[in-house]
Amino acid sequence: MGIFALEDPLRPGVREAVADCARAGVQVKMCTGDNVLTARSIAQQCGILTDDGTVMEGPRFRALSEAERRQVVPHLRVLARSSPEDKRILVNTLKELGETVGVTGDGTNDGPALKAAHVGFSMGLTGTEVAKEASDIVLMDDNFASIVKAIMWGRAVNDAVRKFLQFQVTPTFAAVAVTLVSALAGSSFEESVLSAVQLLWVAIIIDTFAALALATDPATPAVLARKPERRDAPLFTVDMIKQILGQSAYQVAIILAFHFCGDRILGFPAHDRQTDTLVFNTFVFAQIFNSFNCRRLDRQLNIFEGIHENPYFIGITLIGMSHTLWHYSLHAHLEQPRLETAVQILIVFVGGAVFAVTRLGGREWGISLALGSVSIPLGALIRLVPNGPCERAFKVLRLYREPALLPTAQPG
């Protein structure tokens, strides 16, 4: 005579993955066909069942009215003895409440819920063909922790898009403004601060390198410590618009000031090409230094955080800065710089005439480098500007619309 007990232990890392989901604002609910006592025990072990959570059985859940389900579902953490229809009803109720729903499953009975969810995750090793066909993503390792990695990388990719948009819109806005003003204020409508080749250099070469640099920042667990957004949330945030307008205004002011008054400031003859070269170098340096600002989309001041983990960003930034050294070496007849890339060789072959640049002295190089580096402290000052008044102003100007945030509580 005796008692024999069986226990199916949790997989390694499940408890940590559930905690990461909670930190990311993702609420985990467990639907199972097991007994309510078994389901409660497992949910408590992995951290799904919280103090304010509710445990309910499928038959009772099915008997609720639609209004009652809407009240129960936000607090529901465990649904035991659930049928495939119960899971589908739960998913649809969450969607009606405005939640973005992801479902994991491996059996045929999970098919309706996987199909109804915004994103369905099926198991690649133990999952049935029905579950795989109904899902959007197949987890090849059958590990719940992989979903957390998917969330982390999804946010990292979304951030990469925003970083590049912030970087690209800034010089585009500045170039359009200075080109229009200089053309209208010049002696002829053909006169402009930046030549077509210079604009192409910034738009194609510099922007391409910046896209590679900003897109290679690795995903870190830090992206999980923020509230999730809806799928239709605007790409441009208040912080991004502040940076774009602030940096663009600075670049426009500096470029126009040196274009119209640079000869008197620097002591050059009127309409001297050295002034135009200084303006072009300042514009390029401003974009290079602004790429550091674009690494952060929040209001934190440390824009160099994690930069040592991204050698691509460092290398691409050096390539972007080295092209001006080639201009200098080409026209000042200095020794060849150490950095050798295809882009720099192209500059050597094209020559200064095409780029409308000429030899600059050490003072002018120092001025252009100093003015370009102002983008970094300027970015810090812009981050300190309160978002409230800026958000109201942007809404009036139709530059920003209020995002409909998910009804998930802020992760603690």
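A crossover is called right-handed if, with the strands pointing away from the viewer, the path from the first strand over the helix to the second runs clockwise. Keep that in mind for what follows.

This is a predicted model, where local features need pLDDT of at least 70, side-chain atom pairs count only at pLDDT 80 or more, and totals for chains, interfaces and linings use all residues. Residues are numbered from 1 along each chain as its sequence is written, and side-chain values use heavy atoms, leaving out hydrogens and water.

The protein has 17 helices and six strands; these are DSSP runs numbered from the N terminus, helices being H or I of at least four residues and strands E of at least two.

Now strand 5, residues 119-123. Four of its five residues are buried, meaning under 20% relative accessible area, with exposed over 50% and partly exposed in between, for a 1.4 Å probe and protein chains only. On one side, strand 5 runs parallel to strand 4, residues 102-105, through four bridges; strands pair if DSSP finds at least two bridges between them. Here Gly105 stands opposite Ser122. Strand 5 is also parallel to strand 6, residues 137-139, with three bridges, and Ser122 stands opposite Val138.

The connections: strand 4, helix 6 (residues 111-116) and strand 5 form a right-handed β-α-β unit. Strand 5, helix 7 (residues 129-134) and strand 6 form a right-handed β-α-β unit too.

Last, cysteines. The whole structure has zero disulfides, that is, pairs of cysteine sulfur atoms within 2.5 Å. Cys31 counts as partly exposed because its relative accessibility is 28%, while Cys46, at 4%, counts as buried.
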